[in-house]
Amino acid sequence: MQYQQLGNTGIFVSRLCLGAMMFGGSEGIFRVIGGLPQHDVDALVGNSIDGGINFFDTANVYSAGESETMLGKALGSKRKDVVVASKVFGRMGKGPNEVGLSRLNILHEAEASLLRMNTDYIDLYQIHGFDPVTPFEETLSALTDLVRHGKVRYIGCSNLAAWQIVKALGISAMRHLERFVTLQAYYSLAGRELEREIVPMLLDQKLGLLVWSPLAGGLLSGKFTRGGAVDGEARRAKFTFPPVDQEKAYDIVDVMQTVAARHGSTVAQVALGWLLHQPSVTSVIIGAKKTSQLKDNLGAVELKLDAEDLKQLDEVSKLAPEYPGWMFGFQGSDRRPGDVRDWSRFAAAK
């Protein structure tokens, strides 16, 4: 296993993080996504730690809190040896205040998460989305209090736009509040939209990127081709999320199969390996439900994609040029260190 600095903090996390969204869930969407019983969770968590994973991610809304409870039980005495991340925002009850990022809800849900996981602290506490009602000042103040009382070590965010993150960072700096150290976001070969605005912002502000759904909901797992699903029980066969350009995704899978064959690896390993080669990525959250899937995912850390592999994957999956990005490339091309430009054609135009 390889480890990387978490944002601009002093701690290191494994390049692969075990996501706990599939832990528990006896009804609704979480039954489709996971439904794993405790004994399977115990095995997955134990095998993950044996494989070098020291990073686990969950959320209060996953299976209505059951995911946090099961993760806490599975970790047991090993809790002190790992980094645990959880999230707050989604509705946890029918009351008008049992949702969102108000001080009231954050402080209540943090205590509830601590109890469910049987732990005294959460290493990384993340807001799970953008609350259009609650001001960032209120949210960040509540999160700061949790850190100063020792109940949370670091704070992060998930599913925010670049401008929202920068606004929050500005408020933190101005009001001396805790600062987001990570963003958890969707990123895959079939979904590279965050490269337009978010990735440059993350690199500039030194925030870590934690990737969710690296296989695009299983579409890049090798179980799906233009001919249909190889495994009818696969999650994406029942739940088509996240949304993707299906035809383009199949083109990407075709190239991934070629790359995988060249390295004697699997399509899923290529999907994960490509992400691990991206400079903005800190850790990739995997959603393995079986020990065999976990073992395959762990192999992605050892996959070394060469320049030709990365070129082929980039060409088939790259984003179409979009304003103002293409203008930045044109206007700033001669301002980069070491760049030499022939100005004669500009002079001739006068």
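# Strands and nonpolar cores

Phe23 and Phe180 touch the most other members of the largest nonpolar core, which holds 91 residues. Apart from that core lies another one, of 10 residues. The model is predicted. The points below cover the two cores, then the strands around S6, then those around S9.

**Nonpolar cores**

- Leaving aside residues up to four places away in sequence, Phe180 touches Ile127, Leu140, Leu143, Ile155, Gly156, Cys157, Ala168, Leu169 and Leu207.
- Val83, Ala85, Leu124 and Ile285 are among the members of the core of 10 residues.

**Strand S6 and its partners**

- Strand S6 spans residues 122–127 and is mostly covered, with 6 of its 6 residues buried.
- One partner of S6 is strand S5, residues 83–88; the two pair in the parallel sense over 4 bridges.
- Within this pairing, Lys87 has Gln126 of S6 as its bridge partner.
- Helix H4, residues 103–117, belongs with S5 and S6 to a right-handed β-α-β unit.
- S6 also pairs with strand S7, residues 152–158, in the parallel sense, here over 5 bridges.
- Ile127 has its bridge partner in S7, namely Cys157.
- From S6 the chain passes through helix H5, residues 136–148, to reach S7, and this β-α-β crossover is right-handed.
- Ile127 and Cys157 return in the contacts of Phe180, as both are touched by that residue.

**Strand S9 and its partners**

- Strand S9 covers residues 208–212 and is mostly covered, with 4 of its 5 residues buried.
- Strand S8, residues 180–186, runs parallel to S9 and is joined to it by 5 bridges.
- Thr182 has Gly208 of S9 as its bridge partner.
- The route from S8 to S9 goes through helix H7, residues 198–205, in a right-handed β-α-β crossover.
- S9 pairs as well with strand S12, residues 281–286, in the parallel sense over 3 bridges.
- In that pairing, the bridge partner of Leu209 is Val281 of S12.

**Where strands and cores meet**

- Phe180, named above for its contacts in the largest core, lies within the residue range of S8, 180–186.
- Val83 and Ala85 of the core of 10 residues fall in the range of S5, residues 83–88.
- Leu124, one of the members of that core, falls in the range of S6, residues 122–127.
- Ile285, another of its members, falls in the range of S12, residues 281–286.

Technical notes
Residues numbered from 1 in each chain as written. Predicted model: local features only at pLDDT ≥ 70, side-chain atom pairs only at ≥ 80, totals over all residues. Heavy atoms only, no water. Buried < 20%, exposed > 50% of the residue type's maximum accessible area, 1.4 Å probe, protein only. Pairing = 2+ DSSP bridges. Right-handed = clockwise from strand over helix to strand, strands pointing away. Core = buried A, V, L, I, M, F, W, Y, C linked by side-chain atoms within 4.5 Å. Contact = heavy atoms within 4.5 Å.
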